[in-house]
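Biologist: I am new to this structure. Please take a close look at the sheet and at what packs around it.

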Amino acid sequence: MRILVSGRKKSGKSSLLRRLKGLPHRAEYTETKEPVAAVSVNWNYKATTDVIKVDAWEVREENLQSYIHGSAAVILMYQASEPFEVCLPIINKIIIKTLA
C-alpha cells in the first residue's frame with residue numbers, strides 16, 4: 001500500500017516518516033533534497049496476524065500530482081502557525097485534476 005505525505009516546506013513530512021520508521025523526533029530542521037523520499041513499514045493490526053507493507057512517500061507539494069495515481073491515501077501536512085486557507089488552493093488543485 002502506498003501512502004503519500006505532502007505539504008509545504010517545514011511542515012513536518014520528514015518527521016512523520018521518521019516516526020513511522022520508529023526513529024525518534026529530531027528538533028533540528030534538515031531539508032529533504034530528493035524530490036521523493038520513501039520509507040517502508042510493516043504495519044500489523046493488533047486484532048489480526050496480518051502484516052501490511054506500507055510504503056510512505058514524502059513528496060514535495062509541487063510534485064504531488066505526478067504521484068497521486070495508484071496511491072491508497074494522501075496525507076497533506078501544513079504548519080499549525082499558518083492559516084488553513086493557505087492549504088486550500090493545493091487541495092482544490094489536487095481534487096480538480098484527479099477528478100478530471
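Modeller: The answer below goes through the sheet, then one helix, then the core. This is a predicted model, in which local features need pLDDT of at least 70, side-chain atom pairs count only at pLDDT 80 or more, and totals for chains, interfaces and linings use all residues. Residues are numbered from 1 along each chain as its sequence is written, and side-chain values use heavy atoms, with hydrogens and water left out.

Four strands form an open sheet in the order β2-β3-β1-β4, with mixed pairing. Strands (E, at least two residues) and helices (H or I, at least four) are DSSP runs, numbered from the N terminus, and two strands pair if DSSP finds at least two bridges between them. At the edges are β2 (36-44) and β4 (73-77), each pairing on one side only. From one strand to the next the twist averages 25°; angles run from 0 to 180 degrees between N-to-C directions, and axes are lines fitted to C-alpha atoms, for helices over the stretch in contact. Six bridges join β1 (residues 2-7) to β3 (residues 51-60) in the parallel sense, and G7 has R60 in β3 as its bridge partner.

Helix α1 (residues 13-20) lies across β1, β2, β3 and β4, at about 160° to β3.

W57 is found in β3. Leaving aside neighbours within four places in sequence, W57 is in contact (heavy atoms within 4.5 Å) with residues including V36 and Y67. The C-alpha atoms of W57 and V36 are separated by 6.4 Å.

The largest nonpolar core has six residues: V5, L17, V39, V41, A56 and M77. Such a core is a set of buried Ala, Val, Leu, Ile, Met, Phe, Trp, Tyr and Cys residues joined through side-chain atoms within 4.5 Å, where buried means under 20% relative accessible area (1.4 Å probe, protein chains only).

How values were computed
Buried means under 20% relative accessible area, exposed over 50%, partly exposed in between (1.4 Å probe, protein chains only).
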